[in-house]
Amino acid sequence: MAVLPIVTVGSRGDELLRRPGQRVRDFGPELHALLDDMLETLREAPGVGLAAPQVGVAQRVAVIEYPADDEDPESPLLLFEIINPEIIKAKGSEEGQEGCLSMPGLAADVSRATQVVVRAQNRHGEEVRIKAYDWLARIFQHEIDHLLGVLMTDRADQVYRMQQTESGEWEAVPIENTLRAPTPSSST
Ligand code: CO
């Protein structure tokens, strides 16, 4: 396994973050190595979700690792490897503040569904269905967006720069959202 470099907005190769990933058809050793490397990269970061375009691979692959009970830090971590995922049901809506490993130092208020059903394939190509609620549902939506070339700032109601105060605490300072995906325009 290896820790892979994470592509960040504004760095070399960041156009991949704006491109939809390709459907995976080969569930062989190459995919398994990618998944293993992505998990190691996610843990090293550390983060709760990582999509293949964030490590320079234009494929519909993401890994998520999150506590089974998000109010109990001692609870076991659940690992999800999702390949060719699709949200087939979404319910509810809640705003929450997200971060992204490809946008270090930024946070964004994004409205997301509070319940989702995700249909995906596992590393062996078998179909899986995952029902997720609240913060885990948010992570699934954020990662699946990455596989469509969509970033949190595209959906953000407000973007923040994270800043450390003199006492060492982090605060979110509202900034203008200059990172929204450019919308095609016919104006000159
Ligand atoms: Co992200």
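**Entry 1: helix 2.** I began with helix 2 and looked up which of its residues are buried: L136, A137, R138, I139, F140, Q141, H142, E143, I144, D145 and H146. I keep in mind that this is a predicted model. That list makes 11 of the 13 residues of helix 2, so the helix is largely enclosed by the rest of the structure. I also checked its length. Helix 2 covers residues 134-146, and at 1.5 Å a residue it should span 18 Å. Its end C-alpha atoms lie 19 Å apart, which agrees.

**Entry 2: what helix 2 lies on.** Next I asked which strands helix 2 lies across. They are strand 1, strand 2, strand 3, strand 6 and strand 7, and the helix runs at about 160° to strand 2.

**Entry 3: the sheet of 5 strands.** I then followed those strands and found an open sheet in the order 1-2-3-6-7, with antiparallel pairing. Strand 1 and strand 7 (127-133) stand at its edges with a single partner strand each, so one side of each has no neighbour in the sheet. Neighbouring strands here are turned by 40° against each other on average, direction ignored. Helix 1 packs on this sheet too, touching strand 1, strand 2 and strand 3, and its direction makes about 45° with that of strand 2.

**Entry 4: pairing around strand 2.** How many bridges join strand 1 to strand 2? I found 3, between residues 49-51 and residues 61-67. One pair to look for is G49 with its bridge partner I64 in strand 2. On to strand 3 (residues 77-91): 7 bridges join strand 2 to it, again antiparallel. There, V61 stands opposite I83.

**Entry 5: the core.** I looked up the largest nonpolar core, which has 39 residues. M38, A62, V63 and F140 touch the most other members. The elements giving two or more residues to this core include helix 1 (29-44), strand 2, helix 2 and strand 8 (156-164). I picked V63 for a closer look. Beyond its neighbours within four places in sequence, V63 is in contact with L35, M38, L39, L42, L50, F80 and E81. As a background note, nonpolar side chains tend to be buried together in soluble globular proteins.

**Entry 6: the other sheet.** Last, I turned to an open sheet of 4 strands in the order 4-5-8-9, with antiparallel pairing. Strand 4 (94-98) and strand 9 (170-175) are its edge strands, each pairing on one side only. The twist averages 30° from one strand to the next. Strand 4 pairs with strand 5 (residues 106-112) over 5 bridges, and E95 stands opposite S111 in strand 5.

Notes: Residues are numbered from 1 along each chain as its sequence is written. This is a predicted model: local features need pLDDT of at least 70, side-chain atom pairs count only at pLDDT 80 or more; totals for chains, interfaces and linings use all residues. Two strands pair if DSSP finds at least two bridges between them. The expected span of a helix is 1.5 Å times one less than its number of residues. A residue is buried if 20 or more other C-beta atoms lie within 10 Å of its own, exposed if 12 or fewer, and partly exposed in between; C-beta atoms are placed from the backbone. Axes are lines fitted to C-alpha atoms, for helices over the stretch in contact, and angles run from 0 to 180 degrees between N-to-C directions. A nonpolar core is a set of buried Ala, Val, Leu, Ile, Met, Phe, Trp, Tyr and Cys residues joined through C-beta atoms within 7 Å. Two residues are in contact if their C-beta atoms, placed from the backbone, lie within 7 Å.
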